[in-house]
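Morning, everyone. I'd like to take you through one interface today. Please have a look at the model first.

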2 protein chains.
Amino acid sequence: MATGREIAQLCGVSVATVSRVFNQPGTVNEETRERVLRVAKELDYRPNESARALSTKQSTMIGLVWDTDHRRPGWRHPYLQDLLIGLKSALSAHGYHLLMLATSGDAREVGASLADPVGYVNMTRRHHLGGLVLIDSGSDAKAFETFAQSGVPCVALDVAVEGPRATYVTSDNEGGAWSAVRHLLSLGHSRIATITGPVGNQPSRARVSGYRRALREAGVASRDDYVVSGDFYRASGTAAMHRLLALDEPPTAVFAASDEMAVGALLAARAAGLQVPRDLALVGFDDIEVASVVEPALTTVSQDKPGFGVAAAKAIMAMITGAEKEGPLVLPTTLVVRGSCGG
Amino acid sequence: MATGREIAQLCGVSVATVSRVFNQPGTVNEETRERVLRVAKELDYRPNESARALSTKQSTMIGLVWDTDHRRPGWRHPYLQDLLIGLKSALSAHGYHLLMLATSGDAREVGASLADPVGYVNMTRRHHLGGLVLIDSGSDAKAFETFAQSGVPCVALDVAVEGPRATYVTSDNEGGAWSAVRHLLSLGHSRIATITGPVGNQPSRARVSGYRRALREAGVASRDDYVVSGDFYRASGTAAMHRLLALDEPPTAVFAASDEMAVGALLAARAAGLQVPRDLALVGFDDIEVASVVEPALTTVSQDKPGFGVAAAKAIMAMITGAEKEGPLVLPTTLVVRGSCGG
DNA sequence: CGTTTCACCGTAAGCGGTTACATAGACCCT
DNA sequence: AGGGTCTATGTAACCGCTTACGGTGAAACG
């Protein structure tokens with residue numbers, strides 16, 4: 001790798017001029033600029049990122065805090081890959097890279113996790129990261145506050161945090177749930193139950209709200225026994241479904257707050273001798289891949305998966321470059337009608 | 001963030017001593033060492049990574065080359081998430097982070113992709129990365145050679161590259177396929193077809209070999225019309241199945257080289273009025289999530305998904321720290337018997 | 001007791017950039 | 001002609017850390 005000094009020597013200028021050519025063009029004479037540029041291209045010059053970061057206190061990396069939760073080893077993000085694709089490509093449009101942070105390795109901070117976000121904030125400073133993208137690990141929402149307060153620009157996914165330099169992006173969970181339940185109502189159902197996500201989870205709560213609002217607007221009374229909680233995992237969907245089927249007046253339709261749980265519910269219904277959608281209508285949420293494979297294919301609420309990453313990248317870049325902070329971003333959802341509701 | 005100099009002043013020593021405490025303990029007096037350590041802990045000192053990297057020409061990051069192929073936007077890695085989990089946690093055990101490289105953003109290297117790995121190698125040097133992990137993008141296997149020749153320590157996943165500082169990790173694709181076909185043979189099938197992956201793909205070829213060997217060992221003649229090629233995607237599985245069913249003597253069992261294609265084949269068989277496994281036995285490969293959800297659940301060859309990441313991390317770390325290069329790592333596969341083969 | 005050895009530590013020179021400040025012409029003005 | 005601007009560039013300090021080199025004093029040696 002050629003250094004700035006080499007270029008300077010070959011061009012008969014000082015290193016300062018070389019640096020200026022790249023950082024403050026316009027302040028350097030047209031002719032010498034071209035000369036420097038030409039030599040730089042010949043030598044395939046690339047400024048050393050470590051040196052640049054050290055000097056400017058700004059690297060071209062943003063950190064990804066993705067806690068692969070030890071307490072819940074089976075936890076899989078519903079669409080991590082699409083999210084990463086969106087995030088990566090949007091960031092690279094700005095010349096930024098994504099650094100997947102891991103604190104656990106450093107002996108001095110063993111045990112650091114989302115429960116101790118300080119480690120991540122330290123990493124941010126050590127590497128001069130431009131900011132942090134926080135992926136909801138499903139638990140520790142309170143830990144996110146620490147990030148928000150740290151002064152580090154950060155954008156959380158699916159967790160509502162606010163701070164001077166913190167914002168978040170989430171789907172329109174309330175609206176998505178609403179449209180799902182609307183769909184069920186429009187098909188003539190009135191005994192509509194829901195299987196919720198974890199109680200502490202914000203998207204989960206929003207989905208319950210949407211469920212409730214749709215019912216209320218339709219003049220259908222809410223029944224507490226029709227709201228049974230799960231944890232987004234498939235098994236909890238199965239368990240919840242069993243509980244619902246054991247009711248005196250079982251629901252004729254179920255809105256599950258995740259596709260995984262919907263699949264679980266589907267299996268439970270099938271095991272109970274019910275046929276979907278004839279005996280039970282089912283709607284999920286997420287539009288993960290299995291949704292389209294299962295039989296019958298799942299009607300579900302689809303999120304803009306790559307859009308998540310893109311929005312996060314945009315929000316981060318806005319905080320880094322501009323002084324203006326973006327407000328929370330809420331991505332629209334769309335109802336994907338497949339076979340699991342009949343009609 | 002406290003700097004080394006501050007610590008030095010508070011301790012009444014020079015910055016060199018502070019540095020030595022962390023990098024060459026043993027060369028510094030017990031008492032002063034403890035003093036430095038204590039002050040460092042009080043100030044929550046963390047060495048600046050940029051400065052350290054600049055000085056040592058070694059960062060604590062390794063790069064991830066994951067080309068989200070533009071030509072095949074729908075391509076999804078069969079188990080990216082598990083792979084990342086394994087990779088990340090194994091790397092962090094060594095204090096390393098994962099940098100997701102993106103060259104496309106840099107205006108000077110627009111169009112850089114796997115077809116032009118030079119951009120990635122440059123990134124490696126600019127950031128003083130310890131090495132590169134290459135995820136098979138499904139195409140450009142030849143581009144991997146460039147990486148291998150670059151002198152940068154790198155480990156490829158599922159692509160056999162060799163070089164002075166390059167190695168790879170892959171599953172025992174041949175053996176996995178062999179065991180899948182063995183399973184079908186043991187159930188009494190003899191008309192066993194296979195739906196292969198892309199012809200240029202190495203795991204795909206290995207799976208075909210395993211298929212052929214199992215047949216040969218059982219004394220069953222190979223039939224060319226029983227080997228139909230797909231591209232790992234679901235649709236190609238459907239298309240391939242249609243072709244197989246149109247044969248004069250259709251197979252009674254099919255080994256698909258990917259679960260996605262197996263699902264596609266399943267749909268095609270179902271559409272043709274066949275019942276699986278009664279009329280057709282089906283085995284897949286990968287053991288992705290849908291495999292267990294589909295009806296009947298798919299018998300498939302399971303890969304050690306997190307093990308992939310762990311092995312890659314181990315290989316990279318071995319190249320960075322030791323002089324010794326690891327040989328190629330071949331991870332064992334296991335046959336997961338579910339419902340799609342009957343028996 | 002003079003000299004070597006050794007453990008310990010400070011000095012200073014990098015690493016490769018960025019940038020405040022100084023300088024040197026060129027140009028324009030009165 | 002002298003003074004003021006403006007442009008283009010060089011000088012040098014600095015970012016924070018690592019490390020080769022040299023120096024110091026005490027212990028060990030002859």
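What follows is a short walk across the interface of chain A and chain B. Keep in mind that this is a predicted model.

Start with the contact itself. On chain A, 55 residues are in contact with 55 residues of chain B. The two chains bury about 5,300 Å² between them. Of that area, 56% is on carbon and sulfur atoms. Which three residues supply more than any other three of the area that chain A buries against chain B? They are A:Gln81, A:Lys88 and A:Arg126, and they supply 14% of it.

Now the polar side. Between chain A and chain B there are six salt bridges. One of them joins the side chains of B:Arg270 and A:Glu295, at 3.8 Å from N to O. The rule also finds 18 residue pairs in polar contact across the interface, with both residues at pLDDT 80 or more.

Where on chain A does this side come from? Elements that give two or more residues include α4 (49-56), α6 (118-126), α11 (259-271) and α12 (289-293). Helix α5 (80-92) and strand β2 (97-100) of chain A are on that list too. α5(A) gives the most, with seven residues. By type, the residues on the side of chain A that touches chain B divide into 24 nonpolar, 15 polar and 16 charged.

Last stop, the strands. β2(A) pairs with strand β2 of chain B, residues 97-100. What is the sense of that pairing? Antiparallel, over three bridges. Within it, look for A:Met100, which stands opposite B:Leu98 in β2(B).

How values were computed: Residues numbered from 1 in each chain as written. Chains lettered and ligands numbered in written order. Predicted model: local features only at pLDDT ≥ 70, side-chain atom pairs only at ≥ 80, totals over all residues. Heavy atoms only, no water. Contact = heavy atoms within 4.5 Å. Buried area = accessible area lost by both parts, 1.4 Å probe. Salt bridge = Lys/Arg side-chain N within 4 Å of Asp/Glu carboxyl O. Polar contact = N/O pair within 3.5 Å; in protein donor to acceptor, adjacent residues only side chain to side chain. Helix = DSSP H or I, 4+ residues; strand = E, 2+ residues; numbered from the N terminus. Nonpolar A, V, L, I, M, F, W, Y, C, P; charged D, E, K, R; others polar. Pairing = 2+ DSSP bridges.
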